[in-house]
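User: I should like to learn how the features of a protein model are read. Please take me through this one step by step.

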Amino acid sequence: MNNEFFQEQREQSLIKAQIVSKYFSAWANVILNTQKKYSKHDQKMAYIDLFAGPGRYDNQSKSTPLLVLEEILKSPDLPDRMITLFNDKDSKNIDSLKEAIRQLDGIERLKYPPGFFNEEVGDEIAKMFNDLNFVPTLFFVDPWGYKGLSLNLVSSIIKDWGCDCIFFFNYNRVSMGINNEAIKPHMVSLFGNERLDSVRRKCDTVVNTNEREKIIIQELCNALKENGSRFVLPFRFKNNEGTRTSHHLIFLSKGFRGYDIMKDIMHRESTDKSGEVAASFEYNPLDLRGSKQYTLRDWLSPPLNDLRDMLLQEYDGQTIDFLQLYEEHSVDKPFIKKNYKGVLRTLYDDKRIKAVDRKTGKPPRKGTSFSDNMRITFEGVK
């Protein structure tokens with residue numbers, strides 16, 4: 001990875017590292033609990049970083065590898081189970097990372113010492129991964145540009161049980177490269193031939209930068225879903241001026257549980273929570289400086305009103321358990337579980353729906369939140 005990355009965008013880099021390390025901790029606990037239930041199966045798990053970098057940013061703050069290792073060392077169980085592999089084609093980065101890891105308190109507790117590699121990430125790595133059967137593994141793929149990132153690599157990474165992926169998508173560079181014939185092979189590796197042609201045609205018809213971004217990100221998400229990822233969740237980063245998108249952090253999983261966990265983490269890290277929900281999962285420095293300009297619609301029609309209207313329309317006349325509703329309705333929408341519970345509670349109080357606890361047969365008590373056990377009847381009131 002280009003070392004300039006470790007000198008720039010310090011706030012964005014910190015948030016990115018926090019998102020990855022927080023998800024790693026939650027993911028590892030889910031895998032750990034499952035492994036303990038099935039003790040006869042392999043008890044190992046892994047974290048693999050394919051573009052690991054030097055370990056610390058220019059201001060000496062810790063990058064993702066160090067934060068992940070610290071999460072491992074906090075646990076009484078993970079040091080005996082976790083395999084960690086760090087790759088970077090720049091040998092100087094690996095030397096720096098080795099030294100930074102060596103200085104971590106308690107690093108000697110790891111049963112499996114960290115592995116370090118200097119490989120170029122490309123088709124050969126993807127082919128090798130495709131032939132391997134992975135233990136549950138969280139992959140972090142953080143290239144500086146777009147070289148090395150491909151649909152083949154992603155599909156080879158997430159094919160096995162318990163394997164999730166978080167990758168850095170340099171939107172700014174990809175957007176500039178969409179129509180560049182000199183780097184077309186790299187664009188094809190990201191979108192596929194037919195989809196790249198479609199992206200080019202669609203982008204040629206728009207002049208609005210926001211519409212262009214929607215096209216590129218939506219087509220990328222569609223391509224990823226077609227290549228093995230059931231759930232895709234992008235998180236946008238704006239540049240320091242808040243004027244344009246610099247990159248996205250994109251999460252991939254085959255399981256709703258991981259998707260739900262990451263969605264909550266990204267929601268908490270979003271800088272805009274107007275209307276009690278992050279209408280667009282993003283980190284924008286303007287939000288932190290109080291400089292963002294809101295439209296009249298932002299105030300008159302908050303996102304939770306949109307959720308209320310969607311539920312009343314889409315589930316009109318149906319009876320459904322809360323968890324089923326949440327899992328099938330929340331995918332690809334900017335709402336988390338507490339938003340659904342809050343909206344349903346309001347609808348219940350307004351007598352727009354009925355609800356009972358499946359286990360007790362009792363309605364929700366006044367002033368309490370909906371539980372996961374609620375069974376909801378939409379009474380046909382629009």
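User: How much surface does the chain expose, and what share do carbon and sulfur atoms supply?

Analyst: Accessible areas come from the Shrake-Rupley method with a 1.4 Å probe, and for residues only the protein chains shown count as cover. Here the chain exposes about 18600 Å², and 47% of that area is supplied by carbon and sulfur atoms. Please note that this is a predicted model, in which local features need pLDDT of at least 70 and side-chain atom pairs count only at pLDDT 80 or more, while totals for chains, interfaces and linings use all residues. Residues are numbered from 1 along each chain as its sequence is written, and side-chain values use heavy atoms, leaving out hydrogens and water.

User: What percentage of the residues in the chain is buried?

Analyst: A residue is buried under 20% relative accessible area, exposed over 50% and partly exposed in between (1.4 Å probe, protein chains only). Of the 382 residues in this chain, 50% are buried.

User: Which residues touch the most other members of the largest nonpolar core?

Analyst: A nonpolar core is a set of buried Ala, Val, Leu, Ile, Met, Phe, Trp, Tyr and Cys residues joined through side-chain atoms within 4.5 Å. The largest has 63 residues, and those touching the most other members are Phe24, Trp27, Ile166, Met262, Leu311, Leu344 and Phe378. Helix 1 (residues 10-37) gives the most to this core, with nine residues; helices are DSSP runs of H or I with at least four residues, strands are runs of E with at least two, and both are numbered from the N terminus. A second, separate core of 41 residues includes Leu50, Phe139, Phe191 and Ile215.

User: How many aromatic pairs does a search of the whole structure find?

Analyst: Rings of Phe, Tyr and Trp (its six-membered ring) pair if their centres lie within 6.5 Å; planes under 30 degrees apart count as stacked, over 60 as edge-to-face and the rest as tilted. The search finds 19 such pairs. One of them joins Phe231 and Phe256 edge-to-face, at 5.9 Å centre to centre and 65 degrees between the planes.

User: Why does this pair tie together separate parts of the chain?

Analyst: Phe231 belongs to strand 6 (residues 231-238) and Phe256 to helix 10 (residues 256-269), so the pair links parts 25 residues apart in sequence. Phe256 also pairs with Tyr326: their ring centres are 5.6 Å apart and their planes lie at 80 degrees, so this pair is edge-to-face. Both Phe256 and Tyr326 are buried.
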